[in-house]
Amino acid sequence: TPLEDAQRRDFSFNALFYNIHDEKVEDFLETGLDDLMNSYLRTPVDCTVTFQDDPLRVCRAVRFAARFNCKVDPAILAAARSEPVQTMLATKISRERVGTEFDKMISTHTRIRAFELIQETMLYGPMILQSIPPIVEGSLPDPNAACAEGVRIARDVVGAGLVPEVEVLTSPEPPRDNRLLRRASLAAFLMPL
């Protein structure tokens, strides 16, 4: 049914359908249009179920919330921090898929917000540290401390004007070529490693 299809989507505003015969948007969840209008990110069903279906959705939540400046449903934040969801992200999703999502996060002018959400959701470990082999057994830092330090350094690098395109952070439009800012922000975010 259309409702079942909508419930399998990642977020409520991605569960909207356009009826070409009636030329109108149909919201079978009855929350998608409001969520879209209010920039509110929520899942169609229980977050844990949504993230168990595809753990990469937790990374998409961070990316969407940062890119579109959404308020995130507290249930999403709680589910993202949960051990089962973090374990599934670290063990069931290929590093390439996680890397692709991370690259999309840092390729926009809202990358610092994405870093902050990674910190808030405690996803630094399963997203970042899982991809880096330790040089010495047990040599990786505490993920939460490393993330907090990375966010602080990234903010400092961007805020200090060390990168010429710093004005893009206040612009509603993404820059045409933001490679330098992207690299500097990424380097700063990963510096604690």
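Colleague: What share of the 193 residues in the chain is buried?

Modeller: Buried residues make up 43% of them. Keep in mind that this is a predicted model. The chain also exposes about 10,400 Å², and carbon and sulfur atoms supply 53% of that area.

Colleague: What helices and strands does the chain have?

Modeller: There are 11 helices and 4 strands. Among contacts with a separation of 6 or more, residues 24 or more positions apart account for 68%.

Colleague: Let's pick one residue. Why is Thr121 called buried?

Modeller: Thr121 has a relative accessibility of 4%. Buried means under 20%, so Thr121 with its 4% counts as buried. Thr121 lies in helix H8, which spans residues 111-121. The other buried residues of H8 include Arg111, Ile112, Ala114, Phe115, Leu117 and Ile118.

Colleague: What does Thr121 touch, leaving out residues up to four places away in sequence?

Modeller: Thr121 touches Val62, Leu77, Ala80, Arg81 and Gln86. You can also look at Ile76: it is 45 residues from Thr121 along the chain, with 8.7 Å between their C-alpha atoms.

Colleague: And what comes after H8?

Modeller: Met122 follows H8, and its phi is positive, near 60°. Met122 sits in the loop between H8 and helix H9.

Colleague: What makes Met122 partly exposed?

Modeller: The relative accessible area of Met122 is 33%. Buried would need a value under 20% and exposed a value over 50%. Because 33% falls in between, Met122 is called partly exposed.

Colleague: Which residues are in contact with Met122, setting aside neighbours within four places in sequence?

Modeller: Those are Arg81, Gln86 and Asn144. For Gln86, the C-alpha to C-alpha distance to Met122 is 8.6 Å, with their positions 36 residues apart in sequence.

Colleague: Gln86 belongs to helix H6. Which residues of H6 are buried?

Modeller: Val85, Gln86, Met88, Leu89 and Ala90 are buried there. The buried residues of H6 pack against several helices, including H3, H4, H5 and H8.

Colleague: How do you know that H5 and H6 meet?

Modeller: Ala79, Ala80 and Arg81 in H5 meet Glu83, Val85 and Gln86 in H6. Contact means heavy atoms within 4.5 Å, so that is the test behind such a pairing. By class, this contact has 3 nonpolar, 1 polar and 2 charged residues.

Colleague: How do the axes of H5 and H6 cross?

Modeller: They cross at roughly 65° and come within 5 Å.

Colleague: Now the inside. Which residues touch the most other members of the largest nonpolar core?

Modeller: Leu41, Phe102, Ile118, Met127 and Phe189 do, in a core of 46 residues. Helix H4, residues 57-67, gives the largest share of this core, with 7 residues.

Colleague: What does Phe189 touch, beyond residues up to four places away in sequence?

Modeller: Among its contacts are Phe102, Phe115, Ile118, Tyr124 and Cys147.

Colleague: Why is Cys147 called buried?

Modeller: Its relative accessible area is 2%. The cut-off is under 20%, so Cys147 is buried. The same reasoning works for Cys47, which is buried because its value is 6%.

Colleague: How many disulfides are there?

Modeller: The count is 0. A disulfide needs a pair of cysteine sulfur atoms within 2.5 Å, and by this rule the chain has 0 disulfides.

Methods
Residues are numbered from 1 along each chain as its sequence is written. This is a predicted model: local features need pLDDT of at least 70, side-chain atom pairs count only at pLDDT 80 or more; totals for chains, interfaces and linings use all residues. Side-chain values use heavy atoms; hydrogens and water are left out. Buried means under 20% relative accessible area, exposed over 50%, partly exposed in between (1.4 Å probe, protein chains only). Helices (H or I, at least four residues) and strands (E, at least two) are DSSP runs, numbered from the N terminus. A nonpolar core is a set of buried Ala, Val, Leu, Ile, Met, Phe, Trp, Tyr and Cys residues joined through side-chain atoms within 4.5 Å. Axes are lines fitted to C-alpha atoms, for helices over the stretch in contact, and angles run from 0 to 180 degrees between N-to-C directions. Ala, Val, Leu, Ile, Met, Phe, Trp, Tyr, Cys and Pro count as nonpolar, Asp, Glu, Lys and Arg as charged, and the others, Gly among them, as polar. Accessible areas come from the Shrake-Rupley method with a 1.4 Å probe; for residues, only the protein chains shown count as cover.
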